[in-house]
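Reader: I'd like to go through this one term by term. Can you back up each label with its cut-off?

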Amino acid sequence: MILYDVIIIGGGPIGLNCALEAEKAGLSYLVIEKGTIVNSLYNYPLYMTFFSTADKLEIADIPFISTAPKPGRRDALEYYQGISRQRNININLYEEVLKVTKQENFLVETTKDKYHAKKVIISTGFYDIPNVMNVKGEDLPKVKHYYSEPYPYANQKIAVIGSSNSAVDAALETYRKGAEVTMIIRHSEISKSVKYWVKPDIENRIKEGSISAYFNAEVLEITPNTIIFKDENQTVHEIQNDFVLAMTGYLPNFEFLKACGIKLQGECLNPYYNEDTMETNVSGLYLAGVVCGGKDTHLWFIENSRIHAEIIMKDISTRI
Ligand SMILES: Cc1cc2nc3c(=O)[nH]c(=O)nc-3n(C[C@H](O)[C@H](O)[C@H](O)COP(=O)(O)OP(=O)(O)OC[C@H]3O[C@@H](n4cnc5c(N)ncnc54)[C@H](O)[C@@H]3O)c2cc1C
């Protein structure tokens, strides 16, 4: 039986950073990833641009060279997968962790095998579970919670739900490929967190009427040919609709965190961890990356959570 010093669940940017820090600390480790390397980034919209500059996305001081001031999805895939290849990161792919049990050490059960480790880090992100609207018709095939590229939507009537970066990018891209776009927005304005160079674009397209937008609005029902919503005056509209791009965000896997024994706190179901060590209420079980924010998925991103790997390894090194 192999007993790893640490098993890292999730091979996103932060999981990879944990692996590099573990190696630096001389610890034996294994990363277990349910998809490809940086699977969430692989599933991002094809032509997305990060809001961060390349240097802010770097891990382990390895330079991220990008010709554009803000890198895109392909640049990031090249960077992180390149690191994994060149640094020979010990990672099992297309293997999902199903269960983590604390015994004398940890037993980690996956879709393929069972593993043992003295410590476990959960860096599973939040991109796998859409934050659903819970309205009738949401399960129709025309409703998409992931947006990839604009071309399928040419000449189609699109409803974009939400007003964050993902919604705004989807609205602008599809509009520019000939879609008739209506945005249905729960809040009173376009989100303040929308990329500063994109915000004027969407606001001006709405102002000039190229893209319709309803603020303080709520989706009531989706039918095969229409979408029904109420506006801020409580007036109910039913408009023709071919596709719904529900950019309503994503959630960490709370059931998995609970099953691991991690306490979830407050309205946002924030998983408990000690900020000085990133250790959860389960001794030897750590959290890293954007999973730390619970439902508040805007709290952490690559820029500010890269540091988690270093904090965790410092703690593990003194205890192993
Ligand atoms: C469109 C978009 C743009 C963004 N732009 C920026 C930006 O400009 N700058 C910035 O700093 N941040 C940005 N973010 C946020 C940040 O990039 C991501 O949230 C980032 O991927 C977080 O890294 P992570 O390693 O914590 O989680 P993730 O990258 O989500 O990695 C988690 C990994 O865990 C795997 N996994 C999940 N469950 C299991 C399981 N049970 N078993 C095995 N593997 C599992 C997943 O497949 C995934 O690969 C953006 C996010 C989005 C969605």
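What follows is a short exchange on the ligand site and then the chain.

Author: This is a predicted model, where local features need pLDDT of at least 70, side-chain atom pairs count only at pLDDT 80 or more, and totals for chains, interfaces and linings use all residues. Residues are numbered from 1 along each chain as its sequence is written, and side-chain values use heavy atoms, with hydrogens and water left out.

Reader: What makes a residue count as near the ligand, and which come nearest?

Author: One of its heavy atoms has to lie within 4 Å of the ligand. There are 32 residues around the ligand, and Glu 33, Ser 40, Phe 51, Ser 52 and Ile 302 come nearest.

Reader: Why is the pairing of Phe 51 with the ligand called a polar contact?

Author: The term means a pair of N or O atoms within 3.5 Å; within protein, one must be able to donate a hydrogen and the other to accept it, and residues adjacent in sequence count only if both atoms are side-chain atoms. A polar backbone atom of Phe 51 sits 2.6 Å from a ligand oxygen, so the pair qualifies. Backbone N or O atoms of Ile 302, at 2.9 Å, and Val 290, at 3.0 Å, also face an oxygen atom of the ligand.

Reader: How do you know that the chain agrees with a compact globule?

Author: The rule is 2.2 Å times the number of residues to the power 0.38, with the radius of gyration taken over C-alpha atoms. For 320 residues that gives a value near 20 Å, and the chain has 21 Å, so the two agree.

Reader: What share of the residues is buried?

Author: Buried means under 20% relative accessible area (1.4 Å probe, protein chains only), and 51% of the 320 residues meet that.

Methods. Buried means under 20% relative accessible area, exposed over 50%, partly exposed in between (1.4 Å probe, protein chains only).
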